Amino acid sequence: MPELRSLAANSPTRRSHWRALGLSEADMLKPKIAVVNSSSELAVCFAHLDGVAKVVKDAIRAAGGVPFEVRTTAPSDFITGAAKMGSYILAARDVVTHDIEVQVEAAMLDGMVCLTSCDKTPPGHLMAAARLDIPTLLVIGGYQASGMIGNEHVDLEDLWSGSVGERFGKTPKFPIEDMIPQAVRGPGVCAGMATANTMHCVVEALGMCIPGSAPVRANSEKMFDKARAAGARIVEMVHEDLRPRRILTEAAFRNAAAMTLAVSGSINAIKHLQATAVEAGVDVDLFAIWEEMGRKVPVLTAVRPNGPVRIEGFEDAGGAAAMLKRLATVIETDAMTCTGQPLAAVIADTPEGDTAIIRPLDAPISDGPSIVILKGSLAPASAVVKLGIRDPKRPERFEGRARVFDQTAPLLAEIEARTLEKGDVVILRGQGPKGGPAMGGGASLVLFAIDAAGLARDVAFVTDGQLSGLCLKGLTIAEVSPEAVDDGPLGQVRDGDIVLIDVPARRLDVLVDAAEFAARPNEAQPLSAHPTGYLDLYRRGVQPMAKGTALVQEPARP
């Protein structure tokens, strides 16, 4: 058995502190496990996690470990996105990672179980696991219940799109005031295959949670069963010295990409996985992996917003575990998992599930890829387009006149005034990791507004900002890199330039004489010219998209 880190650090003063907390001398010799909890009364996403923490701690004690509950920040898009045009949302991901380091690594604890919930805590936890490289498991916190109006289901996607649409003349599914009490009926993350449930499925594909954990109804018996199993398993992992960098290999990242493509998940998974790879010291190009796996992986399920299937239906059909079984012939099943066994052994024990909801590879919902990486004169490094389920009415090649905006408000005013024209390529820049900062700025709001105005099939949208996982409307190119305010060519585009989007060719180009274009000054303006406090630190330290917008330089692998 490996020497316990916590035992090696057991100074008399440390033992005195822990004796005062109620630990016995026998406890001093046991594995010390952090239970990382982002419980918060601010957001329903995290409101139930204290109950989950208790179950995990009880299981750790029963397995012969000593749990210590530690708290971190709790970023929730719809709550902590209120200020600074949402700039705190992505930036908070890295606060989670640093917070865990400061508490868990500084205390030299032996392992950790992270209670992972809304969009930014899963990547924050994965990044911390990779950085600290101590035995780690993630417990999936589950998705929220939603309600009914009459005989029709209503969830947060309906409420959000309806509230934006109403401003731009589109009648919502039901009156907004009627939807508010029905859209969210309990704790957990947004229903549907938005960023949170995408990342929960990614965690399972990486092998970093108890198999069969994702997705799961929040506060269900299944969720608590997996939490108990995680509490027991983490103590075993400490004794086995099974650490994240044995699990978070290039093979695991390929499997996570395949999962995201198969469920047509959120494009945000790409940067979160790249940031995790940076923290793990894995030299991998997620954009190249996406292109490679996209040729192999079609869309195998149609969970909202991609299609009519509710997240409950996907869970009941077998969820991420069944999806991995479907993908067995195109993923790397020799990848290690938290069970101590390769993925092949996990898949062998996985039930087939419902093949009508989670289709076989040879009978997909839609040809792939569901997410495509573009490059070109406007995106020398990368840009991302989500195609989802292929729609013959949605163009995949678009050539039009640029309409350039550096702020969200003037663009929304133009949409409201109906001044955009068919064939326009709407460009919203200055919204990237440095420009937002932290990709704030409301690109998702613009996309819903374009759809509400009936323009989704008539204009294309290009931005260096990010999109909500609920966004799947029209031809939209996001996360253009290099971003405009970091010398990206998007800053040199002018109104009237002809922009060509060619998804089959994987190109995003401006059709302007190269010498003339290169001679232009970059006129992009950041969303916030003078951020203060943490956002100022973030802007000065954030890495580009190719590093997952991480706040650290790539570490050397030990």
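**Close-up views of two pockets**

**View 1. The second largest pocket holds about 320 Å³ of space.** Welcome to this predicted model; we start with the residues around the centre of this pocket. The second largest pocket is lined by 19 residues, and those closest to its centre are Glu-157, Ser-161, Lys-170, Asp-451 and Lys-473.

**View 2. Helices α7 (156-167) and α19 are the elements that each give two or more residues to the lining of the second largest pocket.** Here α7 provides the largest share, with 6 residues. By residue class, the lining of the second largest pocket divides into 8 charged, 6 nonpolar and 5 polar residues.

**View 3. The largest pocket has a volume of about 610 Å³.** Around this pocket you will find 30 lining residues. Nearest its centre lie Asp-77, Gly-81, Ile-89, Trp-160 and Ser-444.

**View 4. Three elements, α4 (77-80), α9 (195-206) and α19 (443-452), each give two or more residues to the lining of the largest pocket.** The largest share comes from α19, which supplies 3 residues. If you are following α19 from view to view, this element also gives two or more residues to the lining of the second largest pocket.

**View 5. The lining of the largest pocket, by residue class, comprises 14 nonpolar, 13 polar and 3 charged residues.** For a side-by-side look, keep the second largest pocket at hand: its lining has 6 nonpolar, 5 polar and 8 charged residues.

How values were computed
Residues numbered from 1 in each chain as written. Predicted model: local features only at pLDDT ≥ 70, side-chain atom pairs only at ≥ 80, totals over all residues. Heavy atoms only, no water. 1 Å grid on protein atoms, 1.4 Å probe; cavity = no way out; pocket = protein on both sides within 12 Å on 5 of 7 lines; lining within 4 Å. Points joined across faces, edges and corners; volume = space filled by probe spheres on them. Helix = DSSP H or I, 4+ residues; strand = E, 2+ residues; numbered from the N terminus. Nonpolar A, V, L, I, M, F, W, Y, C, P; charged D, E, K, R; others polar.
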